[in-house]
Amino acid sequence: MNTFKPLVFSGVQPTGNLHLGNYLGAIRKFVALQESHDCIYCVVDLHSITAQLVHEDLKGQTRSITAAFLAAGIDPTKHIVFNQARVMQHAELAWIFNCVARIGWMNRMTQFKDKAGKDRENASLGLLAYPSLMAADILVYRATHVPVGDDQKQHLELTRDIAAKFNNDFSKRIGELGVGVEMTVGEETVNGFFPLTEPLIEGPATRVMSLRDGAKKMSKSDPSDLSRINLTDDADTIAKKIRKAKTDPAPLPSEMEGLKERPEAENLVGIYAALSERSREDVIAEYGGQQFSVFKPALADLAVDKLAPIAAEMRRISADTAYVDAVLRDGGERAGALAETTMKTVREIIGLLDD
């Protein structure tokens with residue numbers, strides 16, 4: 001073997017309803033990537049228990065995310081869609097990576113600091129160590145690329161650090177077994193079993209903010225349902241939420257510069273641009289100088305046109321629990337076979353007895 005086979009991996013946590021930000025920032029990209037790459041898409045249910053152990057309906061949430069994948073256009077026959085807990089090798093490799101990663105690396109993770117807050121002593125060990133599980137999710141398939149947003153770039157860097165340390169520590173054994181790829185780590189050439197996974201950044205990042213506060217990201221956890229457009233919202237609800245979206249009294253500016261210091265206006269322009277697959281400059285060129293009483297109905301019509309069919313399909317698929325479970329079962333079997341191939345070699349590299 002002299003190179004790694006190109007493969008895309010990504011996952012979504014089953015916590016709360018998916019919303020417009022999840023669709024534009026992740027799921028729409030997942031759909032596009034399957035035209036050019038082999039893809040594995042995972043509902044990462046083990047990750048969902050790191051910050052909150054007890055969930056009222058984790059199974060239902062897992063099925064809901066799966067239905068969103070399918071409704072958006074992901075093909076589970078050409079690619080793999082499954083839930084993480086079905087494939088035990090994720091947890092097995094995560095333990096090995098816990099022994100590869102350094103505590104200092106974990107302590108530097110910004111998301112851990114944000115989620116643990118000031119009372120870090122009461123945070124779960126899972127919350128501290130979950131970047132190791134994320135690295136295992138990716139590397140148990142030796143995925144070469146991951147679509148990432150700004151909030152996950154640091155975790156992907158950690159994944160690369162873990163892969164590099166494993167490759168360096170076991171370079172001799174990997175070479176003896178003939179299971180590696182020659183790669184450069186620092187100034188050394190080593191035999192690498194794991195790829196140094198690259199981020200996939202497709203075009204300008206789509207950062208969708210709350211419809212009630214342009215300074216905050218659109219969130220599943222916001223107490224106000226008017227702050228977000230859920231992927232399950234029907235056409236009337238989508239239109240209502242856009243009509244009620246917070247704005248200021250001034251018309252849209254005629255130049256991009258005019259969006260500065262106007263976060264709600266900038267957010268709505270960004271949503272229109274993303275849904276229409278145009279640039280913000282194009283949107284401003286068309287609607288600059290017009291009142292929100294003109295722009296909001298146009299945005300509502302566009303959002304309904306793009307999102308209502310997905311919402312209807314998601315509701316239809318969600319109602320067929322047997323079909324969703326069959327997709328996850330089939331995907332889990334296929335993913336498990338790939339993961340076990342990796343783990344058999346990892347056990348051999350480390351020296352673990354394995355029948």
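Here is a short chat about the cores, helix packing and a few residues of this predicted model.

Colleague: Let's start inside. Which helix gives the most to the largest nonpolar core?

Modeller: That core has 59 residues, and Leu 20, Phe 69, Phe 295 and Leu 307 have the most contacts inside it. In soluble globular proteins, nonpolar side chains tend to be buried together. The helix giving the most, with 11 residues, covers residues 292-319, and that's H12.

Colleague: And how many residues are in the second, separate core?

Modeller: You'll find Cys 42, Ile 96, Val 100 and Met 106 among its members. Cys 42 is also in contact with Phe 69, as are Val 12, Ile 27 and Phe 30, to name some others. The size of that second core is 45 residues.

Colleague: Now the helices. How do H1 and H2 sit: parallel, perpendicular or oblique?

Modeller: Two packed helices are described by the angle between their axes and the distance between the axes. For H1 (residues 20-33) and H2 (residues 58-72), the axes come within 9 Å and cross at roughly 60°. Angles from 65 to 115 degrees would count as roughly perpendicular and those under 35 as roughly parallel, so H1 is, relative to H2, oblique.

Colleague: What classes of residue make the contact of H1 with H2?

Modeller: From H1 come Tyr 23, Ile 27, Phe 30 and Val 31, and they meet Ala 68, Phe 69 and Ala 72 of H2. The crossing itself is right-handed. By class, there are no polar and no charged residues in the contact, and the nonpolar ones number seven.

Colleague: How do H3 and H6 sit: antiparallel or oblique?

Modeller: H3 (residues 89-100) packs against H6 (residues 125-139) with the axes 8 Å apart and an angle of about 125°. Roughly antiparallel would need an angle over 145 degrees, so H3 is, relative to H6, oblique.

Colleague: How many charged residues are in the contact of H3 with H6?

Modeller: On the H3 side you'll see His 90, Ala 91 and Leu 93, among others, while the H6 side includes Ala 129, Ser 132 and Asp 137. Nine residues of the contact are nonpolar and three are polar. Asp counts as charged, and the number of charged residues here is one.

Colleague: Let's zoom in on His 90. Is His 90 buried or exposed?

Modeller: His 90 lies in H3, and its contacts include Phe 82, Gln 84, Leu 133 and Tyr 141. Its C-alpha is also 9.4 Å from that of Met 343, although the two are 253 residues apart in sequence. With a relative accessible area of 0%, His 90 is buried.

Colleague: What about Thr 159, buried or exposed?

Modeller: Thr 159 has its place in helix H7 (residues 153-169). Looking past its sequence neighbours within four places, Thr 159 is in contact with Ala 135, Ile 138 and Leu 139. Its relative accessibility is 0%, so Thr 159 counts as buried.

Colleague: Arg 142 has a positive phi. Is Arg 142 buried or exposed?

Modeller: Most residues other than glycine have a negative phi. Arg 142, in the loop between H6 and strand S4 (145-147), has a phi near 50°. Buried means under 20% relative accessible area, so at 18% Arg 142 counts as buried.

Colleague: And Glu 261, buried or exposed?

Modeller: Glu 261 is in the loop between helix H9 (235-243) and helix H10 (263-276). Its phi is positive too, near 70°. The cut-off for exposed is over 50%, so with a relative accessible area of 78% Glu 261 is exposed.

Conventions: Residues numbered from 1 in each chain as written. Predicted model: local features only at pLDDT ≥ 70, side-chain atom pairs only at ≥ 80, totals over all residues. Heavy atoms only, no water. Core = buried A, V, L, I, M, F, W, Y, C linked by side-chain atoms within 4.5 Å. Buried < 20%, exposed > 50% of the residue type's maximum accessible area, 1.4 Å probe, protein only. Helix = DSSP H or I, 4+ residues; strand = E, 2+ residues; numbered from the N terminus. Contact = heavy atoms within 4.5 Å. Axes fitted to C-alpha atoms, helices over the stretch in contact; angles between N-to-C directions. Left-handed = near helix turned anticlockwise from the far one by under 90°.
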